[in-house]
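Student: Could you walk me through the ligand-binding part of this one? I'd like a close look at what surrounds each ligand and which contacts hold up at the atom level.

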Amino acid sequence: MSGLLIAVCGLDGAGKTTQISLLNDWFLIKGKKILLTKQPTDYYRNDTRVREYLDHGICPNMKAIALLSAADRTWHMAKEIEPALHNGVHVISDRYIYSSYAFFRTRGLDYDYLDNIYGTLKKPDLTIFLDLEPEITLKRVMERDGNENMKYEEKDTKVFEQVRSSFLEVLPKDTLFINGALEKNTIHEQIVHRVGILLETRLVP
Ligand SMILES: Nc1ncnc2c1ncn2[C@@H]1O[C@H](COP(=O)(O)OP(=O)(O)OP(=O)(O)O)[C@@H](O)[C@H]1O
Ligand SMILES: Cc1cn([C@H]2C[C@H](O)[C@@H](COP(=O)(O)O)O2)c(=O)[nH]c1=O
């Protein structure tokens, strides 16, 4: 019996890590096996070419960065996510391919190109989108990380307004949209309500 793949999406600072931690505790209390994972992985995040862009906005070719990201996601799927699902483990991913579509659409690449490099990757059983105004998410990031540690794009609210609209274009139709401005426990209740239905109605471990 395969585990469930749950993707938690949202802008930087939307509350993904917070909700994933609460969901993980909820699964553990039920005695379920869980893999918490994150995309992109550190191979992509720590790549010097990616860092040059994320930290300083320097990039000679955006398709090359998107390909690094696609390689990272494809490898991550084969190496971590699929084996876990096959072993009956439920996988919660902090960000998923929809982040790549949203960010790279904003960075000027077209949808068909992105669909070619990400479109064959497995669709999640549940996609959650924590929706919140960029002004609030970026304020949270600044309070959490400090202005000096913010990424190049995080310094411009307009970039994140575009990322948010791109998300709304690319997310699956059955995405669970949640108002990220709600109180943490209220959001958690909405998430476990939907996850509970999935556990009851699907043949899952
Ligand atoms: N519902 C909420 N209401 C108010 N503050 C929140 C809420 N959820 C999370 N926060 C706070 O906002 C900040 C960002 O939350 P968190 O780290 O969970 O976001 P994230 O989406 O994982 O961010 P990133 O993508 O940058 O890793 C943290 O300081 C967290 O405590
Ligand atoms: C998904 C994705 C993200 N990025 C960049 C853009 C964001 O500001 C950060 C997210 O990092 P965090 O540690 O999760 O906050 O990474 C990217 O360049 N490519 C992507 O596919």
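Tutor: A quick word on the annotation before we dig in: UniProt positions here follow the numbering used for this chain, feature names are shortened, and an annotation may be inferred rather than shown by experiment. With that in mind, an unreviewed UniProt entry puts "domain: Thymidylate kinase-like" at residues 10-191. Keep in mind too that this is a predicted model. Across residues 10-191 the chain is 57% helix and 12% strand, with the end C-alpha atoms 14 Å apart.

Now for ligand 1. It sits in the largest pocket, with 15 residues around it, and the ones that come nearest are Lys16, Thr17, Thr18, Arg144 and Leu182. Helices do a good part of the lining: H1 (16-29), H7 (134-145) and H9 (184-201) each give at least two residues to the shell, and H1 has the largest share, with three residues. By type, the shell around ligand 1 splits into four nonpolar, five polar and six charged residues.

On to the polar contacts of ligand 1. The side chain of Arg144 has an N or O atom 2.8 Å from one of the ligand's oxygen atoms. Two backbone contacts go with that: a polar backbone atom of Ala14 is 3.1 Å from an oxygen atom of ligand 1, and a polar backbone atom of Leu182 is 2.9 Å from a nitrogen atom of ligand 1. As for burial, ligand 1 taken alone exposes 630 Å², and the protein buries 78% of that.

Ligand 2 also sits in the largest pocket. Here 16 residues surround the ligand, and Asp12, Tyr44, Arg45, Arg95 and Ser100 are the closest. Helix H2 (42-45), helix H4 (62-86) and helix H5 (97-106) each supply at least two shell residues; the largest share, four residues, belongs to H5. The make-up of this shell is five nonpolar, three polar and eight charged residues.

For ligand 2, side chains give us three contacts to look at, each to an oxygen atom of the ligand. Asp12 places a polar side-chain atom 2.6 Å from such an oxygen, Ser100 does so at 2.8 Å, and Arg73 at 3.1 Å. Taken alone, ligand 2 exposes 480 Å², of which the protein buries 92%.

Conventions: Residues are numbered from 1 along each chain as its sequence is written. Chains are lettered from A and ligands numbered from 1 in the order in which they are written. This is a predicted model: local features need pLDDT of at least 70, side-chain atom pairs count only at pLDDT 80 or more; totals for chains, interfaces and linings use all residues. Side-chain values use heavy atoms; hydrogens and water are left out. A residue is near a molecule or strand if one of its heavy atoms lies within 4 Å of it. A polar contact is a pair of N or O atoms within 3.5 Å; within protein, one must be able to donate a hydrogen and the other to accept it, and residues adjacent in sequence count only if both atoms are side-chain atoms. Accessible areas come from the Shrake-Rupley method with a 1.4 Å probe; for residues, only the protein chains shown count as cover. On a 1 Å grid over the protein atoms alone, a cavity is a set of points where a 1.4 Å probe fits but cannot get out, and a pocket is an open set with protein on both sides within 12 Å along at least five of seven lines; lining residues have an atom within 4 Å of a point. A molecule sits in a cavity or pocket if more than half of its atoms lie within 2 Å of its grid points. Ala, Val, Leu, Ile, Met, Phe, Trp, Tyr, Cys and Pro count as nonpolar, Asp, Glu, Lys and Arg as charged, and the others, Gly among them, as polar.
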